[in-house]
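The following exercises are to be worked with the sequence and the coordinates at hand. Each task is followed by a stepwise solution.

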Amino acid sequence: MMKNPILAGEPFSSEKTKEIAEQFHRDGYVHIPNVLTTNEVTVLRNKTDQVLDDPELQKIPYPDLDRHFNPKLEDKNRYIELREHKSTGKKIPYMIRNSIELDQTFRDMLVREPILSIAEAILGKDVKFCGQNIMRSIPDLSSTHSHQSFHCDQSGYPEKHTVQFPLPDEIKRHDSRIRMPVFWITVQVALTDIDSVNNGPTQYVPASHYAGRIPDSNDENPEFDGKGPVSILCKAGDIYFQDPMCWHRGSPNKSDRTRYIFQSQYATRWAYARFNLYNRVPVKDNDLKNASDRLLSVLGRVKTKDV
């Protein structure tokens with residue numbers, strides 16, 4: 001049997017995990033260095049190139065039901081998102097969506113430790129999968145994409161972009177003495193070094209998940225409570241978790257280096273059950289025949305013995 005390139009890993013100590021979760025709740029994001037090995041990073045990056053450059057995958061549309069509930073998917077591909085190159089105007093492969101359908105390597109990342117145990121520390125036990133994407137940002141890509149402006153991740157999409165707990169204009173922010181509820185989170189995994197602002201790091205405005213409103217998308221340096229954007233300068237194998245309501249952006253890659261970012265999303269169990277339509281990623285039963293109980297649980301799949 002071929003050795004699994006994605007390691008099981010080990011959870012951090014309970015004290016360290018608690019400290020990471022507390023920093024996440026306070027700031028809306030948290031950066032953890034040196035999680036994936038060099039080999040894991042290389043495997044994921046190579047697999048990303050293989051998938052993105054597959055011309056057949058670039059032709060597969062979203063199913064009718066997905067497009068019915070989200071008309072913005074009408075002209076998009078199910079697996080490969082294209083973006084325009086500024087110099088040539090050519091559409092080039094940029095992002096893999098619904099990646100867990102495509103390879104076991106991607107599915108194994110959902111249960112890689114200490115990622116999963118940190119997700120559980122933030123969201124509670126029995127977290128569920130709610131998305132996975134991989135981005136390959138080559139130099140000179142179009143900078144008009146909405147993700148390169150400061151934003152909160154989609155809430156009320158596609159009708160209206162808002163936050164989960166909006167405030168009226170006369171109330172300036174949520175009280176810092178409360179802990180803002182979190183229904184789902186994203187963990188980002190750097191697959192290349194992003195050690196300069198020119199490399200296009202993810203940027204966060206600390207504690208802005210308490211703002212109760214979305215940022216001005218035209219402001220490249222928004223502030224909240226006197227604090228401006230912080231760039232996550234990191235090495236390949238580092239990870240960072242984000243609250244979707246924390247103001248953030250993927251800044252433009254102005255270097256000559258291609259940037260690779262792997263993302264997984266996890267939801268609380270109740271949110272997964274209530275909003276399950278969004279999580280319909282139909283991994284074939286045959287592809288899961290050797291899956292661990294932990295992976296099946298995260299995917300929300302019922303074990304045969306439980307039926």
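**Exercise 1.** In which loop is the place of aspartate 126? Determine also its backbone and accessibility state.

Solution. The model is a predicted one.
Step 1: aspartate 126 lies in the loop between α5 and β4 (128–137).
Step 2: its phi is positive, about 65 degrees, although aspartate 126 is not a glycine. Most residues other than glycine have a negative phi.
Step 3: the relative accessibility of aspartate 126 is 27%; buried means under 20% and exposed over 50%, so aspartate 126 counts as partly exposed.

**Exercise 2.** Carry out the analysis of Exercise 1 for alanine 207.

Solution.
Step 1: the loop between β6 (202–204) and β7 (230–231) contains alanine 207.
Step 2: alanine 207, which is not a glycine, has a positive phi of about 65 degrees.
Step 3: with a relative accessibility of 18%, and a cut-off for buried of under 20%, alanine 207 therefore counts as buried.

**Exercise 3.** Assign the peptide bond from glutamate 113 to proline 114 as cis or trans, and locate proline 114.

Solution.
Step 1: omega for this bond is near 10 degrees, and the bond is cis.
Step 2: proline 114 is found in the loop between α4 (104–108) and α5.
Step 3: as a point of reference, most peptide bonds are trans.

**Exercise 4.** Describe the packing of helix α1 (residues 14–27) against helix α5 (residues 115–123).

Solution.
Step 1: two packed helices are described by the angle between their axes and the distance between the axes.
Step 2: for α1 and α5 the angle is about 55 degrees and the axes are 9 Å apart. Angles of 65 to 115 degrees count as roughly perpendicular and those under 35 as roughly parallel, so α1 is oblique to α5.
Step 3: the crossing of α1 past α5 is right-handed.
Step 4: α1 contributes Thr17, Ile20, Ala21, Phe24 and His25 to the contact, while α5 contributes Ser117, Ile118, Ala121 and Ile122.
Step 5: by class, the residues of this contact comprise six nonpolar, three polar and no charged.

**Exercise 5.** How many disulfides does the structure hold? Examine cysteine 152 in particular.

Solution.
Step 1: the structure holds zero disulfides.
Step 2: for cysteine 152, the nearest cysteine sulfur belongs to cysteine 246 and is 7.8 Å away. A disulfide requires sulfur atoms within 2.5 Å, so cysteine 152 is in no disulfide.
Step 3: cysteine 152 is buried, its relative accessible area being 1%. Cysteine 130 is buried as well, at 10%.

How values were computed:
Residues are numbered from 1 along each chain as its sequence is written. This is a predicted model: local features need pLDDT of at least 70, side-chain atom pairs count only at pLDDT 80 or more; totals for chains, interfaces and linings use all residues. Side-chain values use heavy atoms; hydrogens and water are left out. Axes are lines fitted to C-alpha atoms, for helices over the stretch in contact, and angles run from 0 to 180 degrees between N-to-C directions. Helices (H or I, at least four residues) and strands (E, at least two) are DSSP runs, numbered from the N terminus. Angles under 35 degrees count as roughly parallel, over 145 as roughly antiparallel, 65 to 115 as roughly perpendicular and the rest as oblique. A crossing is left-handed if the near helix is turned anticlockwise from the far one by less than a right angle, and right-handed if clockwise. Contact means heavy atoms within 4.5 Å. Ala, Val, Leu, Ile, Met, Phe, Trp, Tyr, Cys and Pro count as nonpolar, Asp, Glu, Lys and Arg as charged, and the others, Gly among them, as polar. Buried means under 20% relative accessible area, exposed over 50%, partly exposed in between (1.4 Å probe, protein chains only).
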